[in-house]
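Here's a quick briefing to keep beside you while you turn the model around on screen. We'll start with a pair of helices, move on to the cores, and finish with a few single residues.

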Amino acid sequence: MTAEAGLFTEALLQWFEVHGRHHLPWQESPTPYRVWVSEVMLQQTQVAAVIPYYERFMREFPTVAELAAADEDAVLHLWTGLGYYARARNLRKCAQALVAQHGGEFPAGLDEVTELPGIGRSTAGAILALSRGARHPILDGNVKRVLARVFGIAGDPGSAAVLARLWQQADACTPAERAAAYTQ
């Protein structure tokens with residue numbers, strides 16, 4: 001980790017200790033399943049809006065196996081109001097893959113998680129970091145904006161070159177210890 005990345009990481013962790021959210025429903029017993037559902041719900045949706053949906057979803061589908069066995073209409077009904085219904089369909093499809101290929105458990109490796117339907121590199125990293133404390137960088141829209149501003153990474157964040165630089169910076173800033181707190 002470069003000195004600049006180390007200073008950023010330490011400042012971010014200190015800020016999180018004081019100002020971060022520590023009592024969200026998915027932070028209590030952060031299993032890979034619970035974290036995964038929250039990460040998918042939080043895509044393009046604010047935390048305050050997600051909380052009641054997340055709580056209802058977990059009551060109805062408390063395990064991967066129950067989500068995998070659920071009727072698609074039941075899943076979509078619980079999703080009503082969150083929008084982007086492909087997310088709900090992908091959750092169910094992924095749950096079915098987890099049951100069929102992994103005995104209902106999330107694999108521990110980043111590559112195995114990204115092979116699951118609907119899970120990209122950033123979501124996989126978040127699942128593994130937040131549920132297992134594993135060191136994997138994430139790069140969602142918010143992270144892209146912060147890293148670009150703090151480290152002066154100019155250009156279109158959708159371009160391959162800028163995206164590669166952002167991933168490199170995200171990796172440089174992700175600490176070996178306290179990966180879950182940093183990722184949160």
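At roughly what angle do the axes of helix α1 and helix α9 cross? Roughly 130° is the answer, with the two axes coming within 12 Å of each other. Keep in mind that this is a predicted model.

**How α1 and α9 meet**

- Helix α1 covers residues 3–19 and helix α9 covers residues 141–151. With their axes crossing at roughly 130°, α1 counts as oblique to α9, because that angle falls neither over 145 degrees nor in the 65 to 115 range.
- As for handedness, the α1 and α9 crossing is right-handed.
- On the α1 side, the contact is made by Glu4, Ala5 and Phe8. Facing them from α9 are Val146, Leu147, Val150 and Phe151.
- Sorted by type, the residues of this contact come out as 6 nonpolar and 1 charged, with no polar ones.

**The nonpolar cores**

- The largest nonpolar core holds 40 residues. Which of them touch the most other members? They are Tyr33, Trp36, Val37, Met41, Phe57, Leu67 and Ile119.
- Six helices each put at least two residues into this core: α2 (32–41), α3 (47–60), α4 (64–69), α5 (72–79), α6 (86–102) and α8 (121–132).
- If you click on Ile119 and skip its neighbours within four places in sequence, you'll find it in contact with Trp36, Cys94, Phe106, Val113, Thr114, Ala124 and Ile127.
- There's another core, lying apart from that one, with 13 residues. Ile153, Leu166, Trp167 and Ala170 are among them.

**Two buried residues to look at**

- Val75 sits in helix α5. Is Val75 buried or exposed? Its relative accessibility is just 1%, so Val75 counts as buried, the cut-off being under 20%.
- Leaving out residues up to four places away in sequence, Val75 touches Phe57, Phe61, Leu67, Ala70, Ala88 and Arg92.
- The C-alpha atoms of Val75 and Glu60 are 9.1 Å apart, and 15 residues separate the two along the chain.
- His136 belongs to the loop between α8 and α9. Despite being a loop residue, His136 counts as buried because its relative accessibility is 17%, which is under the 20% limit.
- What does His136 contact, beyond its neighbours within four places in sequence? Look for Leu110, Gly125, Leu128, Ala129, Thr174 and Thr183.

**Loop residues with some exposure**

- Gly81 is in the loop between α5 and α6. With a relative accessible area of 57%, Gly81 is over the 50% mark and so is exposed.
- Gly81 and Val50 are 31 residues apart along the chain, and 9.9 Å separates their C-alpha atoms.
- Gln44, in the loop between α2 and α3, has a phi near 60°, a positive value in a residue other than glycine. Gln44 is exposed too, since its relative accessible area is 66%.
- Arg178 also has a positive phi, near 65°, and is likewise a residue other than glycine. You'll find Arg178 in the loop between α10 (160–173) and α11 (179–183).
- How does Arg178 count for exposure? At 39% relative accessibility, Arg178 falls between the 20% and 50% cut-offs, so it is partly exposed.

Note on methods:
Residues are numbered from 1 along each chain as its sequence is written. This is a predicted model: local features need pLDDT of at least 70, side-chain atom pairs count only at pLDDT 80 or more; totals for chains, interfaces and linings use all residues. Side-chain values use heavy atoms; hydrogens and water are left out. Axes are lines fitted to C-alpha atoms, for helices over the stretch in contact, and angles run from 0 to 180 degrees between N-to-C directions. Helices (H or I, at least four residues) and strands (E, at least two) are DSSP runs, numbered from the N terminus. Angles under 35 degrees count as roughly parallel, over 145 as roughly antiparallel, 65 to 115 as roughly perpendicular and the rest as oblique. A crossing is left-handed if the near helix is turned anticlockwise from the far one by less than a right angle, and right-handed if clockwise. Contact means heavy atoms within 4.5 Å. Ala, Val, Leu, Ile, Met, Phe, Trp, Tyr, Cys and Pro count as nonpolar, Asp, Glu, Lys and Arg as charged, and the others, Gly among them, as polar. A nonpolar core is a set of buried Ala, Val, Leu, Ile, Met, Phe, Trp, Tyr and Cys residues joined through side-chain atoms within 4.5 Å. Buried means under 20% relative accessible area, exposed over 50%, partly exposed in between (1.4 Å probe, protein chains only).
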